[in-house]
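Please work through the following exercises with the sequence and the 3D structure open beside you. Each task is followed by a solution in steps.

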Amino acid sequence: LRNKDKVCRKVKIIPPDSNLFQIIPCKKAKKTDKEAPQDVDNMSSKVAPGMEISFIVKFSPEAKIDYSYDLNILTEREKFVVPIRAIGCKAIIDFPNTIDFGRVPVKHETMKPVVISNIGEKASKWQLALTSTCFNAKKTEGILEIGQSEQLLFLFAPTEAKSYSEKLILSYDMLEAEVGLAGESFLAEVVLSKDVLKMADTYIGLTDYDFVKIINNSNVAVEFSWRATNSEREEKDKRDKVIKDLEAEETSERLRLEEAQFEESDEESLD
């Protein structure tokens with residue numbers, strides 16, 4: 001404690017009311033001939049201008065946990081607090097910094113196992129927060145004891161042929177860590193045996209057939225469907241446009257009917 005004032009100041013430390021912390025003066029005050037040893041206040045002293053006085057904080061923990069105490073110090077004109085904090089055992093979660101799925105075909109779900117471990121000295125609850133719809137996890141929270149490990153399954157289901165890069169948040173023991181999620185999607189090599197189907201001339205009322213083969217040259221199973229558009233986005237845009245046109249047509253028809261009813265009511269009032 002240093003006196004930055006221009007006059008001598010008296011400083012007093014309130015002894016901690018906990019047996020975990022003890023304040024010891026670096027130099028004990030000397031008793032005078034008229035003072036008994038029990039009358040000497042080692043926690044109170046006068047400090048000359050520009051001088052300082054030192055105390056030792058003795059900490060005697062009883063367990064490997066966090067401890068907190070606020071030490072009160074009094075002077076002749078003010079009171080202030082010195083926080084004392086002792087950090088006990090902490091959980092340390094071992095987890096990959098990045099989860100890379102590599103190259104994955106479009107609309108093909110790929111799973112990747114990842115191990116999460118507690119290498120600290122304290123059991124901890126962990127939680128994962130994902131914001132992407134293409135990346136997911138089978139399990140997003142749990143509790144790990146000291147030295148325990150657990151395998152998690154992460155899923156990647158891309159919807160477009162492009163590179164993906166997202167973040168997930170790992171939370172545990174009042175801490176947060178960012179983990180990168182990466183993957184690249186490509187169109188699987190699926191081709192048709194014919195680009196154009198030319199149907200033969202057919203008599204009215206009869207039916208003619210032709211065939212086309214779907215050939216999957218990739219190493220994964222592929223689901224397919226026949227559509228009038230090239231992608232789901234294009235199909236959605238087309239569907240939304242049709243719905244919008246129908247709503248506009250319905251609104252126009254409703255206004256026309258209301259105008260017709262209004263004109264009929266005017267004619268009846270004139271009659």
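**Exercise 1.** Is Asp173 buried or exposed?

*Solution.* The model is predicted, so local features need pLDDT of at least 70 and side-chain atom pairs count only at pLDDT 80 or more, while totals for chains, interfaces and linings use all residues. Residues are numbered from 1 along each chain as its sequence is written, and side-chain values use heavy atoms, with hydrogens and water left out. Buried means under 20% relative accessible area, exposed over 50%, and partly exposed in between (1.4 Å probe, protein chains only). With a relative accessible area of 17%, Asp173 is buried.

**Exercise 2.** Identify the salt-bridge partner of Asp173 and place both residues along the chain.

*Solution.* A salt bridge requires a side-chain nitrogen of Lys or Arg within 4 Å of a carboxyl oxygen of Asp or Glu. Asp173 meets this criterion with Lys122, their closest N and O atoms being 3.4 Å apart. Asp173 lies in the loop between strand S14 (163-172) and strand S15 (175-186), whereas Lys122 lies in the loop between S9 and strand S10 (124-130), 51 residues apart; strands here are DSSP runs (E, at least two residues), numbered from the N terminus. Lys122 is partly exposed, at 31% relative accessibility.

**Exercise 3.** Which residues are linked with Arg9 in a network of salt bridges?

*Solution.* The network consists of Asp5, Arg9, Glu76 and Arg77. Within it, Arg9 and Glu76 form a salt bridge whose closest N and O atoms are 3.3 Å apart. Glu76, at 49% relative accessibility, counts as partly exposed.

Definitions and conventions
Helices (H or I, at least four residues) and strands (E, at least two) are DSSP runs, numbered from the N terminus.
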